[in-house]
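Okay, thanks for making time, everyone. I'd like to walk you through a structure I've been looking at, so have a look at the screen and then I'll start talking.

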Amino acid sequence: MKRLIASFVAIALIASDASTLVLAQDYSKYSQEALDKELARTVAARLGVMVPMRDGLALSTDVYTPKNAKGPLPTIFWKTPYNEHKLRGGTLRYVLESVKRGYVFIVQNERGRYFSQGKWEILGHPQTDGYDTLSWIAQQAWSNGKVGTLGCSSSAEWQLALAAMNHPAHAAMVPMSAGAGIGKVGRFQEQGNWYTGGVPRNLFFVWLYGVENPLRAELPASLTDETLRARIEAYNDLDATKPKVDWNKQIKHLPVDQMLSSLGEPPSTFEQFIKRTPADPAWHQGGLYHEGMGWGVPALWFNSWYDVSIGPNLELFNAARAANTDKEASANQYAVVAPVPHCQYARLGPDTVVGERAMGDTSFDVDAAVYGWFDRWLKGERKAFPAATPHVRYYMMGANRWQSAAQWPPENAQPMRLYLRSKGNANTLNGDGRLAAEAPPAGEAPDRYRYDPMNPVQTIGGGDCCNGGVVVPGAFDQRQVEARGDVLVYSSDPLTRPVDVAGFVDAVLKVSSSARDTDFAVKLVDVAPDGTAWIVGDTIFRARYRKGYDKPALMTPGEVVTIHPTPIATAIQFGVGHRIRVEVSSSNFPKFVRNLNTGGPNESEKEGVVADNAVYHGPDAASYIELPVLR
């Protein structure tokens, strides 16, 4: 994913004198030169080591060891598709901190990236290449045979499929914001964040343009001299400089499947993926983790409420705990869930603001947790990560405090159903839509709206990442969206007591359309007493997949059908005087690709049709939301 690592671990190393550095906040203020001097003083570096894979190719690997180290050492392994050859930002900080703590730190480029040989595929052959690299590390004279994998986003996602291999050297892992490594797990079939509810997400299109380089330069395979390769690596980075793109304009391009080729990009991964459906068997041929693969590694998960894939991450956390293919591994799964966007854990601290909403003091010692975890499993220091640590530590937004639980959802979470009710005029925040505990009576009129794909509902915040700036993730006021006539708005009465929600939020919609296919988007909103409508989470579902992703079925115009959108995962306190709100519409753009409503191959079409959509109420056609409320 997009390189947000610098922000996720932006903890500074400041020169306190000519020879030492001390930890401090906001290291971006301090010079790269000072950090490079500390690296040279404390670290012995071997650059451009070509680690052999089973198929005869080799991956470029940089090995950083403590100077004057004695005895075999544990290793922290960081794998990346990004340009990490000139250490900077979070990776540099982790190298220095890890070496200081007695670890070897390894940075390896994925297959087909920069100085690594072969053809690049997303996640970089995590099982075979990851397994072979773990074997290589364990065989080195400086290794104690125990390896921990670490990383955020792309540097975390490849770890998931590798965990299913249960390599004897893979002692522990810390995957942070790793949703794009998840294929199908439980209720989520997002295939590496390519979809939500069968609707493609635009973020990957932008990310692939920035990361993939089908015309990349390569060093000749015959160049085997390690010293020469290290010098070439130090002098060159093989990085591509592509033309800048105005993504706010380009993201509107139709047909979608020509979005990158229209920029002059040669055919590559995007063209392969955009042709697929969510149930395409080809999703099982890459590096994604799918349910049923088993789990073999103790893991400390870091996730965040405004990330692109918090739901699949928590679903996989539960699946890893339940797998029991390795009982010790399943018993040692721990999760931390923060109230920030993708990979921005360095923002945890006093007076945190996410989007435009104040979240209070979110302080959490990420380093202490990470290194305590690795000390426990790689050094055998059991007290470094106490056995009494709760399996889940999560931030309750609204209440603005950290809480803990033995499981997810918390064991005291009970479903509270709220029905979508109205007199047939729930359009806009000024309509008559309401949320009520009482089921609707017979004869309650449906709510109707007209969805024009050429005038979609704008995305404002929520969970997202890596999209060229077309969507800013976080909590933002939704009243601009709720002023539209094609948005249905349902609000509870002001609350007389707090309602703490923690878990998976489910919605059930009874709907119809004049079109053969359309989408239904759902948003959960916390309305403050002053009217500010903070987005909590959102989801969407493509109607053709209502019978299953492997059983697409077009709609019959006017027929009432049932839609089960993908759950929203969150922890939020709706405070006294606040209102719980649900929005329903048929688009959320540019976060999600627009449904053109034709029922045809949506991503290869240019022309759309307007859909007249309806949401129904009544004893036999009730639409509702279920909130996991802590009792």
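One cut-off before anything else: when I say buried, I mean under 20% relative accessible area. And keep in mind that this is a predicted model.

So, with that cut-off, look at helix H5, residues 154–163. 10 of the 10 residues there are buried, so the helix is largely enclosed by the rest of the structure. If you want to click along, the buried residues of H5 include Trp158, Gln159 and Leu160. Glu157 is on that list as well, and so are Ser154 and Ser155.

Next up, a strand with a similar story. Strand S14 covers residues 333–341, and nine of the nine are buried, so S14 too is largely enclosed by the rest of the structure. Who are its partners? Well, strand S13, residues 299–306, pairs with S14 in the parallel sense, over seven bridges. To give you one position, Asn303 has Val337 in S14 as its bridge partner. Then there's strand S17, residues 392–396, which also runs parallel to S14, joined to it by three bridges. Over there, Val336 stands opposite Arg393 of S17.

Now let's hop to Tyr394. Leaving aside neighbours within four places in sequence, Tyr394 is in contact with Val337, and its other contacts include Trp305, Trp402, Trp408 and Leu630. Tyr394 also turns up among the residues that touch the most other members of the largest nonpolar core, which has 120 residues. Trp295, Phe302, Trp305, Phe374, Leu524 and Leu627 are in that group too. There's a second, separate core as well, with 34 residues, including Tyr195, Val211, Trp283 and Leu288.

On to the sulfurs. How many disulfides does the structure hold? Two. One is Cys152 with Cys343, where the sulfur atoms sit 1.9 Å apart. That pair links distant parts of the chain: Cys152 is in strand S7, residues 143–152, while Cys343 is in the loop between S14 and strand S15, and they're 191 residues apart. The torsion about the S-S bond is -110°, which makes the link of Cys152 and Cys343 left-handed. Both Cys152 and Cys343 are buried.

The other disulfide is Cys465 with Cys466, and there the sulfur atoms are 2.3 Å apart. This link is left-handed too, with -90° about the S-S bond. Are these two cysteines buried or exposed? Cys465 has a relative accessible area of 3%, so Cys465 is buried. Cys466 comes out at 6%, so Cys466 counts as buried as well. If you number the bonded cysteines in sequence order, the pairing is 1-2, 3-4.

Last stop, Leu208, which you'll find in helix H6, residues 203–211. Its relative accessibility is 1%, so Leu208 counts as buried. What does Leu208 touch, leaving aside neighbours within four places in sequence? Trp120, Ile122, Trp194, Lys242, Leu260, Thr269 and Phe270. And to tie this back to the sulfurs, the C-alpha atoms of Leu208 and Cys466 are separated by 9.9 Å, although the two residues are 258 apart along the chain.

Right, that's my tour. Happy to rotate the view if anybody wants to look at something again.

Key. Residues are numbered from 1 along each chain as its sequence is written. This is a predicted model: local features need pLDDT of at least 70, side-chain atom pairs count only at pLDDT 80 or more; totals for chains, interfaces and linings use all residues. Side-chain values use heavy atoms; hydrogens and water are left out. Buried means under 20% relative accessible area, exposed over 50%, partly exposed in between (1.4 Å probe, protein chains only). Helices (H or I, at least four residues) and strands (E, at least two) are DSSP runs, numbered from the N terminus. Two strands pair if DSSP finds at least two bridges between them. A disulfide is a pair of cysteine sulfur atoms within 2.5 Å. Contact means heavy atoms within 4.5 Å. A nonpolar core is a set of buried Ala, Val, Leu, Ile, Met, Phe, Trp, Tyr and Cys residues joined through side-chain atoms within 4.5 Å.
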